[in-house]
Amino acid sequence: MTIHFQSFLLFHNTHKRRRNLPSYSSIIFRFTLFMFCAVSLSMGLSSCGQVQYGEKDQSNFSNTSPRSCAGQYHAKYITGDFAGYASLEHFIDKMVKKHGFDREYLLGLFSQARRKNWTLSYLAKSDQTLKGKPAAGGWDRYRAKFLDERHIDAGVDFARRHRDGLQRATRQYGVPEEYILGILAVETTFGSYVGSHRVLDALTTLSFDYARRGDYFRDELENFLLMSRDEGMDPGKPVGSFAGAMGLSQFMPSSFLQWAVDFNGDGRRDLWNAEDAIGSVANYLAQHGWQPGQPVITPLSTKKTVDLEPGIEPRYSLADLQQAGLHPSGPCTPGEPLSLLLLRYQNHDQYLIGHPNFYTITRYNHSIYYAMAVRELGQAIKRRLQSEAISYSGKSNQ
Ligand SMILES: [Ca+2]
């Protein structure tokens, strides 16, 4: 797109210097100029500006117009850290054929990408720690990272500044404010830390140097380039987590394409914007099955060893749990699929029922402790807001 536009300017300037040409030449010249502009425009659209999405993506972009690739990138071949990577060249071939990207634009872009070795070693360690059963005290340690005054204060401040957006999201998507707040708190402490790694570097490194999950990250890289083009974003600019998660809500590019919404109405989906992040989190939960007004967890009482296997998956009925000597402390809807949750404190274990809404939170991050921290932090922020509202109301009535 850049090249075509520059070519047009060069020609246009030439045209300005030829104003005194004879009329016949002028007609020929103007016709030539018209044809050149038409071809340039056509090439520009076909190379970069035309958005071609799969069926699944089309509905998500119905309210946005196609935009051009942003950024000044152009090269004839890949230089830099990824020079000579045949797998990257195949990827670029795919982006050109499947989505109509300009090859030289992508060659230039990936010549700027940097290989991040520490990302690879960090992910390899993360894979190892995922194996094995949760250790005693695991929930104490996880909970302590989030359930503190810093997160609660930040949540109260964020809720005050974005009260209208939170209320609108709850009305529109049926998700209570405290769960939106809980996710934004655990993900980035409301934007205090959204990551400092260039998404291009993270995803390119993980796509072509991390064999174990290369397929996954190549899909995310593909989605990242589509996202950047659609939103008119320079793909060399966004920063995020070491794995390419972006914005206050830490969406991966595939989640962005499917679930991000323009909630402040400025025509762009921007997860670094608080209001768009609020709407996008609510939309994500709603689309993953959030049931308004339904419970999330119910504590279980038990006095003997539990024989059932705990886990995220909702594979038990209420009768299954009761037969195993587990009794809910609150009402449960007969017939709903339930998860048996285990929280491992230092000195004891606690079992809870995870209702379908709990399972929905785990679709954001597949971890029982993550979803529990989201819930507890959201509840803590809600209680603080309520106590301050009562305090304020009491003062105003005096
Ligand atoms: Ca927006």
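A residue counts as buried here if 20 or more other C-beta atoms lie within 10 Å of its own. That cut-off matters for the second view below, and everything shown comes from a predicted model.

**View 1. The whole chain, for orientation.** The chain has 17 helices and 6 strands. Of its 398 residues, 35% count as buried. Look at contacts with a separation of 6 or more, and 73% of them turn out to link residues 24 or more positions apart. Confidence is worth a glance before zooming in: the mean pLDDT is 83, and 79% of the residues reach 70 or more. Residues 1–66 are the stretch to treat separately, with pLDDT below 50. Beyond near neighbours in sequence, that stretch still has 53 contacts in the model.

**View 2. Methionine 233 in its loop.** Here we're looking at the loop between H12 and strand S2 (239–240), where methionine 233 lies. Is methionine 233 buried or exposed? With 20 other C-beta atoms within 10 Å, methionine 233 meets the cut-off, so it is buried. Leave aside the neighbours within four places in sequence, and the residues in contact with methionine 233 are Ala70, Ser228 and Pro238. Alanine 70 is 163 residues away along the chain, yet its C-alpha atom and that of methionine 233 are separated by 5.7 Å.

**View 3. Helix H10, covered from end to end.** H10 runs over residues 177–188, which makes 12 residues. From first C-alpha to last, the helix reaches 17 Å, close to the 16 Å expected at 1.5 Å a residue. How many of the residues of H10 are buried? The count is 12 of 12. Among them are Glu177, Glu178 and Glu187, along with Tyr179, Ile180, Leu181 and Thr188. Just after the helix comes threonine 189, with a positive phi near 50°.

**View 4. Where H11 and H12 cross.** Helix H11 (residues 199–209) and helix H12 (residues 214–231) have axes that come within 7 Å of each other and cross at roughly 145°. The crossing is left-handed. On the H11 side, the contact is made by Val199, Leu203, Thr204, Leu206, Ser207 and Phe208. H12 brings Gly214, Phe217, Arg218, Glu220, Leu221 and Phe224. As a reminder, an α-helix has 3.6 residues a turn, so residues three or four places apart point the same way.

**View 5. The four-stranded sheet.** This one is an open sheet of 4 strands in the order S4-S3-S6-S5, with antiparallel pairing. Which strands stand at the edges? They are S4 (327–328) and S5 (339–344); each has a single partner strand, so one side of each is left without a neighbour in the sheet.

**View 6. The S3–S6 and S3–S4 pairings.** Strand S3 (residues 297–301) and strand S6 (residues 349–354) pair in the antiparallel sense over 3 bridges. Isoleucine 297 has glycine 354 of S6 as its bridge partner, while threonine 298 stands opposite isoleucine 353 in S6. S3 also pairs with S4, again antiparallel, over 2 bridges. In that pairing, look for leucine 300 opposite proline 328 of S4.

**View 7. The S5–S6 hairpin.** A hairpin joins S5 to S6 through 4 residues. The two strands pair in the antiparallel sense over 6 bridges. Two of the facing residues are easy to pick out by name: arginine 344 stands opposite aspartate 349 in S6, and leucine 341 has leucine 352 of S6 as its bridge partner. When following side chains here, keep in mind that in a regular strand they alternate between the two faces of the sheet.

Note on methods. Residues numbered from 1 in each chain as written. Predicted model: local features only at pLDDT ≥ 70, side-chain atom pairs only at ≥ 80, totals over all residues. Pairing = 2+ DSSP bridges. Contact = placed C-beta atoms within 7 Å. Expected span 1.5 Å × (residues − 1). pLDDT = per-residue confidence, 0-100. Axes fitted to C-alpha atoms, helices over the stretch in contact; angles between N-to-C directions. Left-handed = near helix turned anticlockwise from the far one by under 90°.
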